[in-house]
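The exercises below are meant to be worked with the sequence and the coordinates open side by side. Please try each task before reading its solution.

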Amino acid sequence: MANVSFSGVSKVYGDAIALAELDLSIAQGEFVALLGPSGSGKTTTLNLLAGLIDADEGEIRIGDRVVNDVTPDKRDIAMVFQNYALYPHMTVFENLEFPLKARDRNVATAVVENRVGTVAETLGLGELLHRYPRELSGGQQQRVALGRAMIRDPKVFLLDEPLSNLDARLRIRMRRDIKALHKAIGSTIIYVTHDQAEAMTLADRIAVFAGGRLQQFGSPAEIYGRPANKFVAGFVGEREPAMLSGSLSVEGASLRFAGPDARFDMPLASARQLAHLGGRAVELCVRPEAVSVSNSGAAIPAVITDVEIDGPGLFAYARVADGAELSFHLGANQSLRVGDALGLGLQGGRLTAFDPQTQLALARW
Amino acid sequence: MTPRRTAATWRSRRRSRRLGGLAIDLLIALFALAPIIWGLSTSLKPARDVLAYPPQLLPSQPTLEHYALLLRTGIHHFIVNSALVSVLTVVLSIVIGSLAAYALARLSFRGRSTLMFTTVALMSIPLPSVLVPTFMLMANIKMTNNLLGLAALYTAYQLPIVVWLLYGYFSSLPVELERAAMIDGCTRLQTLRRIVLPLSGPGLIAAGLFVLTFAWNDFVVAVVMMSSEDVKTLPVAIYGYLGFYGRDWGPLTAAAMVSIVPVILVFVAFQRYFLSGMTGGGVKG
């Protein structure tokens, strides 16, 4: 059963389309990340669901109820904001109890204290209950914001870039905490982020947005391994892939790619599947993990242009004969220097070709 | 030049610059305070010394006889009138003004910018130009010689500036706080009361002081609207002392002193908030 669904939802600001005909269906208890660059429509989607802005078209449902005309306070949701939005004139305790008291003025003190106590314990806020938000560190404020969202038992949690104001270390720790939290409470969580690593590590499914449109909705593995279009391929992944324009043709036992800035042959795994691409113009997406150093005769000659330390190993950029630049990871025990000449091989299973006009994926092998 | 001497030079330069600034401040203060000092001095002199030549700044025989006269002639009655009107005006202006300012700052509705522009434009109409028609209107609905009527008029005059001040203040608050409150279960009005207003203290105080000083000090409107003795406000009553026993400077200046004390006290009490309120929202989320 879908817990949250959008059907044909659009939002327009003047001439700018913030969100175009969104169809999205999120299951009960699912952790969904809305991923995209700024202005892609992901935050618009979240605000529409929260009721902070009104949809121009389409229908939004939470549970069985159409909520288009329901005010935020009646939608039974909780939200964590990017800047936490803690009430500065209230202590941590007052911030935490606010959602309970705002809904029911006569709620019993014992109930409030019990609930605040439980949440404070879960998030390790026990010592901080009588402090004001300005007296807390960023990570502590973040926890209070999460706690305020958890204090009721809402149908849906909305998190708007909740970790982007934290430093890198803390972000990774909080990421794990949020994941553990989801496991513990089992509620539906919708999480907006522009950080693909966050989306990859946290979400059951990722919705990738660009230019106000949903590009792809699928599990992290699907999004990464089977990108629906060129944008998704480029946006997801730690390192930017190389995008090469050219045409494909089948030459005996190999597939030949020929373009203005790169030409090479690749081993042809299943020729039949790719036969229809013969002679077709494509854009080839080459991720770093598809590239490796090779000594075979078919290797693509290249020259190293840059080398970075990447954790225990290295990350290298190499220019091929016609000018394109490919990048790849190297193990810890290898050494390379700028200017070194070497051969590169492409591994099957990690390459995707896109239609240069429609940008849609044509084939992967 | 050694670094030590450089530092010493800088220190002495800074000191002389500070002294210069202090001298200018004193000059300005003296200029502004001179009438008040003269008034205070006159109010403490016996009647025969008031016009003595050369004038004495410090009365040789200080006396409270003028203040005693004020009490005998019932000045406290006018003080109460003024206080009632002022407090009522402040309450009305802040309640109506904050509702209007919040709507303009946060709700989107047709004609919002026109309304905003009209509100600002209203501030440029000189008060005396509408005084006669206003008097006719007030007389028609029998609201002249009525403290509530006067407070309503003051509220009408001061609302544009109150709305403008509070609009600026509300707009400067992080909108996420209000969004969070609405998601947490507040209606718009509850959000205003529980989140926006508590965070707008300095803005409310600045607007309140603005209105208070106007209502407390106003002479022109009050003298037109209030003719009967029992509803006169303090500024109108002070004008009355001018001709109490001929041209009597003593009671007049004593009454003036009485009228400025409450305003000064209020400003001293709230000056910290007043400054930060005028310079706009300093609340950080």
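What follows is a set of exercises, each with a solution that goes step by step.

This is a predicted model, in which local features need pLDDT of at least 70 and side-chain atom pairs count only at pLDDT 80 or more, while totals for chains, interfaces and linings use all residues. Residues are numbered from 1 along each chain as its sequence is written, and chains are lettered from A and ligands numbered from 1 in the order in which they are written.

**Exercise 1. Chain A as a whole**

Determine how many helices and strands chain A has, what its C-alpha trace spans, and what percentage of its residues is buried.

Solution. Begin with the DSSP runs, where a helix is H or I over at least four residues and a strand is E over at least two, numbered from the N terminus; chain A has 9 helices and 21 strands. Next, take the extents along the principal axes, which for the C-alpha trace of chain A are about 80 × 45 × 35 Å. Then apply the burial criterion, under which a residue is buried if 20 or more other C-beta atoms, placed from the backbone, lie within 10 Å of its own C-beta, exposed if 12 or fewer do, and partly exposed in between; of the 365 residues in chain A, 38% are buried. Finally, consider contacts, which require C-beta atoms placed from the backbone to lie within 7 Å: among those in chain A between residues at least 6 apart in sequence, 64% join residues at least 24 apart.

**Exercise 2. The side of chain A that touches chain B**

Find how many residues of each chain are in contact, and which element of chain A gives the most to this side.

Solution. The count comes to 17 residues of chain A in contact with 17 residues of chain B. Assigning the chain A residues to elements shows that β6 (77–80) and α2 (92–103) each supply at least two of them, with α2(A) giving the most, namely 4 residues. For the chemical classes, Ala, Val, Leu, Ile, Met, Phe, Trp, Tyr, Cys and Pro count as nonpolar, Asp, Glu, Lys and Arg as charged, and the others, Gly among them, as polar; on that basis this side of chain A holds 13 nonpolar, 2 polar and 2 charged residues.

**Exercise 3. A helix pair**

Describe how α2(A) and α4(A) pack, giving the angle and the distance between their axes.

Solution. The axes are lines fitted to C-alpha atoms over the stretch in contact, with angles from 0 to 180 degrees between N-to-C directions. For α2(A) and helix α4 (residues 138–150) of chain A the angle is about 30° and the axes are 7 Å apart. Angles under 35 degrees count as roughly parallel, and α2(A) and α4(A) are therefore roughly parallel to each other. At residue level, Val92(A), Asn95(A), Leu96(A), Phe98(A) and Pro99(A) of α2(A) meet Val144(A), Gly147(A) and Arg148(A) of α4(A), and the residues of this contact divide into 5 nonpolar, 2 polar and 1 charged.

**Exercise 4. A sheet of 5 strands**

Establish the strand order of the open sheet of 5 strands in chain A, and explain why β15 and β18 each have one side without a neighbour.

Solution. Two strands pair if DSSP finds at least two bridges between them, and the resulting order in chain A is β15-β19-β16-β17-β18, with antiparallel pairing. Because β15 (291–293) and β18 (325–330) of chain A stand at the edges with a single partner strand each, one side of each is left without a neighbour in the sheet. From one strand to the next, the twist averages 45°.

Now follow the individual pairs. Strand β16 (residues 300–310) of chain A is joined by 4 bridges to the antiparallel strand β19 (residues 341–346), where Leu344(A) is the bridge partner of Ile300(A). Another 8 bridges join β16(A) to the antiparallel strand β17 (residues 313–320) of chain A, and here Asp310(A) stands opposite Gly313(A). The hairpin of β16(A) and β17(A) has 2 residues between the strands, and Gly311(A) takes a positive phi near 65°. Last, β17(A) and β18(A) pair in the antiparallel sense over 6 bridges, with 4 residues between them in a hairpin whose turn includes Gly323(A), at a positive phi of about 115°.

Note on methods: Contact = placed C-beta atoms within 7 Å. Parallel < 35°, antiparallel > 145°, perpendicular 65-115°, else oblique.
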